[in-house]
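Here is a short note for a colleague opening this entry for the first time. Please keep the structure in view while reading the points below.

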Amino acid sequence: MRDLFEAQEPALLPLAPGAALLRGLAADAAIALLAGVQQVTAQSPWRHLQTPGGLRMSVGMTNCGALGWVSDRAGYRYEALDPLTGQPWPAMPASFVALAQTAAQAAGYDGFAPDACLINRYAPGTRLSLHQDRDERDLRAPIVSVSLGLPAVFLFGGPQRADKALRLPLVHGDVVVWGGPSRLHHHGVLPVAAGEHPLTGACRINLTFRWAG
Ligand SMILES: O=C(O)CCC(=O)C(=O)O
Ligand SMILES: [Mn+2]
């Protein structure tokens, strides 16, 4: 039995004004979400995008929803067609929409209607350097970010790149939401440690829901 005096972490951990970590919120939906990832990647496969500077991104990516985030020599932007297939991005699975809305609501954002979901795949050793999500036309909606599979340390900083960042260990099922006053806060992911997760194998999967507008 749980010790009565054992500190129990609250399910919603405030990170900054407008930002919260929702521990384990996606755990029950994980199997459905990963089935959704399989459906999406069957149609729009994983790929390694090029940065505007011509470097290969180490995170594997794809998208679903009306718009998808892409990067190439021409820059960062949202596109309605997958440049790899020439077809529209796969529709957002119903399980994705439901989870994104539940998470946004729990963090205080009513009426979140994502039109883009960037799906990231991190092999061990892969990282995502500090950046802002600012390619969306309209910044009123929050970002909802779902972690599945291997754990990782998420960096959550401030409006300036040099602002001190929180280091948050995220595990399978955790969800981070940021918007409002923290919508443009810098964030990133430290190199993912080697490991095996029963549902994803040797990788971490992240779903990032946005309203690109
Ligand atoms: O993988 C993560 O937790 C963050 C992903 C992210 O920041 C992004 O895709 O813009
Ligand atoms: Mn981001």
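**Notes on the metal site and its surroundings**

1. Start with the metal. Along the chain, the donors of the manganese ion (ligand 2) are spaced as H-x1-D-x53-H. The pair Asp133 and His187 links distant parts of the chain, being 54 residues apart. Asp133 sits in the loop between β7 (128-131) and β8 (143-149). His187 belongs to strand β12 (residues 187-189). Keep in mind throughout that this is a predicted model.

2. Now the atoms involved. Three protein residues act as donors to the manganese ion (ligand 2): His131 through NE2, Asp133 through OD and His187 through NE2. They lie 2.0 to 2.2 Å from the ion. Are Asp133 and His187 buried or exposed? Both Asp133 and His187 are buried.

3. Next, ligand 1. How many residues surround ligand 1? The answer is 14, and the closest are Asn120, Tyr122, His187, Arg204 and Arg210. His187 therefore deserves a second look, as a donor of the manganese ion and as one of the closest residues to ligand 1, and its burial counts as under 20% relative accessible area.

4. Check the polar atoms around ligand 1. A polar side-chain atom of Arg204 is 2.8 Å from one of the ligand's oxygen atoms. For Arg210, a side-chain N or O atom lies 2.9 Å from an oxygen atom of ligand 1. For Asp133, the corresponding distance between a side-chain N or O atom and an oxygen atom of ligand 1 is 3.2 Å. Taken alone, ligand 1 exposes 300 Å², and the protein buries 97% of that.

5. Where does ligand 1 sit? It sits in the largest pocket. Several strands build the shell around ligand 1. β6 (116-122), β7, β12 and β13 (204-210) each supply at least two residues. Which of them gives the largest share? That is β13, with four residues.

6. Arg210 is worth a closer look. This residue lies in strand β13. Its relative accessible area is 6%, so Arg210 is buried. Besides the pairing with ligand 1 at 2.9 Å, the Arg210 side chain makes a polar contact of 2.8 Å with the side chain of Tyr78.

7. Look at Thr200 as well. Thr200 is placed in the loop between β12 and β13. Why does Thr200 count as buried? Because its relative accessible area is 17%, and the cut-off for buried is under 20%. Thr200 and His48 are 152 residues apart along the chain, and 19 Å separates their C-alpha atoms.

8. Two further strands round off the tour. Val176 is in strand β11 (residues 175-178). Its relative accessible area is 1%, so Val176 is buried. Leu13 is in strand β1 (residues 12-16). Leu13 has 26% relative accessibility and therefore counts as partly exposed.

9. Finally, compare sequence with space. Leu13 and Val176 are 163 residues apart along the chain, yet 9.4 Å separates their C-alpha atoms. Val176 and Ala66 are 110 residues apart in sequence, with 22 Å from C-alpha to C-alpha.

Key:
Residues are numbered from 1 along each chain as its sequence is written. Chains are lettered from A and ligands numbered from 1 in the order in which they are written. This is a predicted model: local features need pLDDT of at least 70, side-chain atom pairs count only at pLDDT 80 or more; totals for chains, interfaces and linings use all residues. Side-chain values use heavy atoms; hydrogens and water are left out. Donors are N, O and S atoms within 2.8 Å of the metal (3.2 Å for Na, K and Ca); water is not among the atoms, so sites may look incomplete. Buried means under 20% relative accessible area, exposed over 50%, partly exposed in between (1.4 Å probe, protein chains only). A residue is near a molecule or strand if one of its heavy atoms lies within 4 Å of it. A polar contact is a pair of N or O atoms within 3.5 Å; within protein, one must be able to donate a hydrogen and the other to accept it, and residues adjacent in sequence count only if both atoms are side-chain atoms. Accessible areas come from the Shrake-Rupley method with a 1.4 Å probe; for residues, only the protein chains shown count as cover. On a 1 Å grid over the protein atoms alone, a cavity is a set of points where a 1.4 Å probe fits but cannot get out, and a pocket is an open set with protein on both sides within 12 Å along at least five of seven lines; lining residues have an atom within 4 Å of a point. A molecule sits in a cavity or pocket if more than half of its atoms lie within 2 Å of its grid points.
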